[in-house]
Amino acid sequence: SMGLTFLGIESSCDDTAAAVVRDDRTILASIVAGQTALHADFGGVVPEIAARAHAEKLDLCVEEALTQAGLRLTDLDGIAVTAGPGLIGGVLSGVMLAKGLAAGSGLPIVGVNHLAGHALTPRLTDAVPYPYLMLLVSGGHCQFLSVAGPDQFTRLGGTIDDAPGEAFDKVAKLLGLPQPGGPSVENVARSGDARRFALPRPLLDRPGCDLSFSGLKTAVLRQRDELVTAQGGLHEQDRADLCAGFQVAVAEVLAEKTRRALALAPAPVLAVAGGVAANETLRTALQTVATNAGAAFLAPPLRLCTDNAAMIAWAGIEAFHSGQRDGMDLAARPRWPL
Ligand code: KG4
Ligand code: ZN
């Protein structure tokens, strides 16, 4: 620790967030303003609505984070901002605000890859040493990353279509359950029989660590339609059984691909990030995989698994320590593979 304190700014999807983090891993403030209600009527995040909400709320979030930390901008050592990947309107809002704050204060800017923010979270929460294996499972992302340094990521595989959170959300929608779908499906699945419906295990027969979730969602849709045709509607038990079957299928393929990823890139720690990491069935399956591979399983607290700015501030601190400085030419990038 060099006694550095960073502001973090995150606005790449549907959470507007600001945080103040020290390089001794103290989170002095972490403000997250969600937009779920704004997008509720549309069945997904509407980019234009998200961008406007970020533009309106971001400066207030920063102000609140600084107030909560009891610091002024001039007490800080740098500004870390998500520069991509994500919805470009939101990313631009964050990058522009960071540039404005930097121009006014003279602080350096560090542009952070949102995925690196997630991937480095275990170092913020648990000081996990390099290397480790990260499974990122959210509503927008799904990939295995072998993390060997603050800018050394090897992608071992990932989804070829939907992200698992997206699949949970779509399954919830087609069963008439409330959004976000993950928690709804998990709750309903508690009283379900996972073996009643034969659902596929996509890509399990193919070597490697790639995953696919859209066929699984379609299989649930087909079972639903068969039931509706046969009995005129869905019973509560049908919903429960479909949710349970779907959830187990997701957990099984993720567990098997994680087993392969750990075989490809052995590591003492398997860590997860992303909202889907909240799923208990998945966690249990991953814990078993880790134990069998002789690795520790680490799931950071959920508020740091889902989108937040503390992870961006932390990734900025790590990048700053390794020499990264950005200027007024920092670009906002809708696509930015690690
Ligand atoms: O990381 P996150 O908050 O946002 C982004 O995707 O950026 O993840 C949200 C996703 C949603 O798709 C949500 O349905 C899913 O995580 N999720 C869950 C659970 N809780 C949230 N999926 C499965 N089981 C859960 N308990
Ligand atoms: Zn994210």
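**Figure 1. Strands β6 and β9 pair in parallel.** In this predicted model, strand β6 (residues 132-137) joins strand β9 (residues 269-273) over four bridges. Strands and helices are DSSP runs, numbered from the N terminus: E over at least two residues for strands, H or I over at least four for helices. Two strands count as paired if DSSP finds at least two bridges between them. Leu-133 of β6 sits opposite Leu-270 in β9. Leu-136 faces Ala-273 of β9. Residues are numbered from 1 along each chain as its sequence is written, while chains are lettered from A and ligands numbered from 1 in the order in which they are written. Local features need pLDDT of at least 70, side-chain atom pairs count only at pLDDT 80 or more, and totals for chains, interfaces and linings use all residues.

**Figure 2. A hairpin links β6 and β7.** Four residues lie between the two strands. β6 and β7 run antiparallel, joined by six bridges. Val-137 stands opposite Cys-142 in β7.

**Figure 3. β6 is covered on both faces.** Side chains in a regular strand alternate between the two faces of the sheet. On one side of β6 are Tyr-132, Met-134 and Leu-136; on the other are Leu-133, Leu-135 and Val-137. All are buried, meaning that 20 or more other C-beta atoms, placed from the backbone, lie within 10 Å of the residue's own (exposed: 12 or fewer; partly exposed: in between).

**Figure 4. Five strands build an open, mixed sheet.** The strand order is β8-β7-β6-β9-β10. β8 (152-158) and β10 (296-298) are the edge strands, each with a single partner, so one side of each has no neighbour in the sheet. Twist averages 25 degrees from one strand to the next. Helix α4 (residues 114-126) lies across β6, β7 (142-149), β8, β9 and β10, at about 125 degrees to β6. Angles run from 0 to 180 degrees between N-to-C directions of axes, which are lines fitted to C-alpha atoms, for helices over the stretch in contact. Contact requires C-beta atoms, placed from the backbone, within 7 Å.

**Figure 5. Helix α2 bends at Lys-57.** The bend is about 40 degrees, taken between axes fitted to the seven residues ending there and the seven starting there. α2 holds 23 residues (47-69), and its end C-alpha atoms lie 31 Å apart, which agrees with the 33 Å expected at 1.5 Å a residue. That expected span is 1.5 Å times one less than the number of residues. Buried residues of α2 include Ala-50, His-54, Leu-58, Cys-61 and Leu-66. The buried residues pack against β1 (5-10), β2 (15-22), β3 (27-34), α1 (36-39) and α3 (88-105). Just after α2, Gly-70 adopts a positive phi of about 70 degrees.

Conventions
Two residues are in contact if their C-beta atoms, placed from the backbone, lie within 7 Å.
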